[in-house]
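Colleague: Got a minute to walk me through this model? I'd like to hear about the ligands and the helix packing.

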Amino acid sequence: MSKIYIETYGCQMNFADSEIIASLMNEAGHEMTTEIEQADYVLINTCAIRDNAEQRIRKRLRELRAMQQRHAGLRIGILGCMAERLQSQLMVEEENVSFVVGPDAYRRLPAMLEQVRQQGVKAAETELSTTETYDDIEPVRLNSNGISAYISIMRGCQNYCAYCVVPYTRGRERSRNPHTIVTEAQHLFEMGYKEVTLLGQNVNSYCWAQDDENVDFPELMRWVAEISPLLRVRFATSHPKDLSDKLLEVMAAHSNICRCIHLPVQSGSDRMLKLMNRHYDSAWYLDRIAAIRRYLPDCSITTDVIAGFCSETEEEHQMTLDMFRKVRYDYAYMFKFSLRPNTYAEKHLQDDIPEAEKTRRLEEIIALQGQIALENNKKEVGKTFEVLVEGESHRSKKQLFGRNSQNKVIVFDREDVQPGQYVQVTVTDCTAATLIGRLKQ
Ligand code: 5AD
Ligand code: SF4
């Protein structure tokens with residue numbers, strides 16, 4: 001039996017995968033530890049989305065070298081998207097790495113650990129699968145608050161956005177058996193969890209068609225939402241091209257499906273969207289926003305955006321700012337374009353916007369979004385929301401924080417409330433990132 005420490009970088013899918021890995025490790029008789037100093041194996045679940053994500057992992061590997069000098073038996077494995085992208089080449093570049101395992105090969109991990117330990121050799125498993133969904137594996141909840149959990153419902157992506165490495169690191173799209181998803185959610189609810197987030201690279205193309213059974217994403221959402229009105233259901237991420245009215249209807253009919261949609265826009269310019277291979281234009285995107293507002297007037301909308309994609313002009317950048325002014329997002333993840341090996345952009349386009357110009361455009365988007373978020377939050381002052389309490393506020397033990405259905409964080413004086421409870425909170429003040437409130441008497 002060995003002690004395993006796992007460190008996770010990147011998106012929610014990666015965090016969900018680490019919980020599957022922990023389960024596979026426990027099943028094989030290993031023990032997970034939260035103390036890196038006690039570990040025999042350090043597993044690093046990595047991200048490859050932008051160059052700086054990979055640089056962060058390289059830096060971490062240099063830090064771990066010192067630890068390996070103190071603890072000769074300590075072995076390091078690289079998992080996830082960077083493992084898939086670089087494969088065994090990574091063990092040549094980083095001498096202190098003993099094994100490399102891609103996202104579809106985690107079942108092979110226990111056998112690989114044996115091989116590495118007994119034979120002292122290095123090993124790589126990076127084959128992608130068209131069917132693996134790990135649907136029979138009950139994840140071990142890591143760093144859990146016992147209130148909110150992720151459930152992975154599909155894997156992979158085949159949209160091939162021109163900038164994106166994910167189709168190459170996570171393989172073809174495949175959906176998990178819906179019955180195992182509902183069982184997992186039901187089980188979490190019975191254990192006291194109050195919120196599940198259904199995860200996939202593109203959740204609205206979820207599609208289960210087997211044994212005369214056809215289940216699409218709206219149908220799956222209905223099944224999970226009907227487990228209990230006390231179980232909140234969230235989902236991420238949606239692609240604008242597939243956001244259907246049917247999904248919005250199901251959301252409107254179930255108040256426990258949270259009023260928050262993450263809809264990455266990437267750019268406000270039609271020429272950029274075409275070059276990015278996004279399969280929608282700005283008019284389509286705005287039509288989907290209008291549909292959300294029609295079905296779910298109190299829904300918050302969040303996005304991802306890329307500044308300085310190949311050949312983006314100043315005018316096209318301004319179109320992105322205009323899109324932000326039109327939609328008025330509640331939150332945005334904002335990035336500078338990073339050219340990734342093997343993508344369409346790398347093969348066929350020029351990464352021709354100078355770094356300083358990318359930075360300037362990104363900063364303009366960030367400044368505008370900060371203003372909009374603050375204005376949006378100011379409109380919430382005076383309203384009362386149902387809040388699922390998650391824990392103590394980072395600032396003061398006398399305060400708790402939780403989220404409303406719109407996924408906004410609300411801080412309030414605790415009184416005798418406990419994490420895991422639903423409470424009514426009236427908003428009294430705000431910043432761009434947080435609502436401040438008091439318990440409704
Ligand atoms: N450069 C910058 N941002 C990227 N994203 C994906 N690939 C890149 C890239 N090469 C962003 C997109 C995506 C989010 C997860 O990361 O906005 O929606
Ligand atoms: Fe990073 Fe994308 Fe892989 Fe998630 S799927 S870990 S964001 S590269």
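Modeller: Sure, here are the two ligands and then two helix pairs.

Modeller: It's a predicted model, where local features need pLDDT of at least 70, side-chain atom pairs count only at pLDDT 80 or more, and totals for chains, interfaces and linings use all residues. Residues are numbered from 1 along each chain as its sequence is written, chains are lettered from A and ligands numbered from 1 in the order in which they are written, and side-chain values use heavy atoms, with hydrogens and water left out.

Colleague: OK, what is ligand 1 surrounded by?

Modeller: Ile49, Arg50, Tyr163, Gln266, Asp304, Ile306, Phe335, Lys336, Phe337, Ser338 and Arg340 surround ligand 1; a residue makes that list if one of its heavy atoms lies within 4 Å.

Colleague: Which atom of ligand 1 is 2.6 Å from the side chain of Asp304?

Modeller: An oxygen atom of ligand 1, paired with an N or O atom in that Asp304 side chain. It's a polar contact, meaning a pair of N or O atoms within 3.5 Å.

Colleague: And what do Tyr163 and Ser338 do there?

Modeller: Both use backbone atoms: an N or O of Tyr163 is 3.0 Å from a nitrogen of ligand 1, and a polar backbone atom of Ser338 is 2.7 Å from a nitrogen of ligand 1.

Colleague: Switching to ligand 2, what classes of residue make up its shell?

Modeller: Six nonpolar, three polar and one charged. Among them are Cys11, Cys47, Cys81, Asn14 and Arg170. Here Ala, Val, Leu, Ile, Met, Phe, Trp, Tyr, Cys and Pro count as nonpolar, Asp, Glu, Lys and Arg as charged, and the others, Gly among them, as polar.

Colleague: Now helices. How do α7 and α8 pack?

Modeller: Helix α7 (residues 178–190) and helix α8 (residues 217–225) sit at about 30°, axes 9 Å apart, so they're roughly parallel, a label for angles under 35 degrees.

Colleague: Which residues of α7 and α8 meet?

Modeller: Pro178, His179, Ile181, Val182 and Ala185 from α7 meet Leu220, Trp223 and Val224 from α8, where contact means heavy atoms within 4.5 Å. That contact has seven nonpolar residues, one polar and no charged ones.

Colleague: What about the angle between α11 and α12?

Modeller: About 15° for α11 (residues 282–295) and α12 (residues 314–327), with axes 11 Å apart. That pair is therefore roughly parallel too.

Colleague: Who's touching whom there, and in what classes?

Modeller: Ser282, Tyr285, Leu286, Ile289 and Arg293 in α11 meet Met323, Lys326 and Val327 in α12. By class, that's five nonpolar, one polar and two charged residues.

Conventions: Axes fitted to C-alpha atoms, helices over the stretch in contact; angles between N-to-C directions. Helix = DSSP H or I, 4+ residues; strand = E, 2+ residues; numbered from the N terminus. Parallel < 35°, antiparallel > 145°, perpendicular 65-115°, else oblique. Polar contact = N/O pair within 3.5 Å; in protein donor to acceptor, adjacent residues only side chain to side chain.
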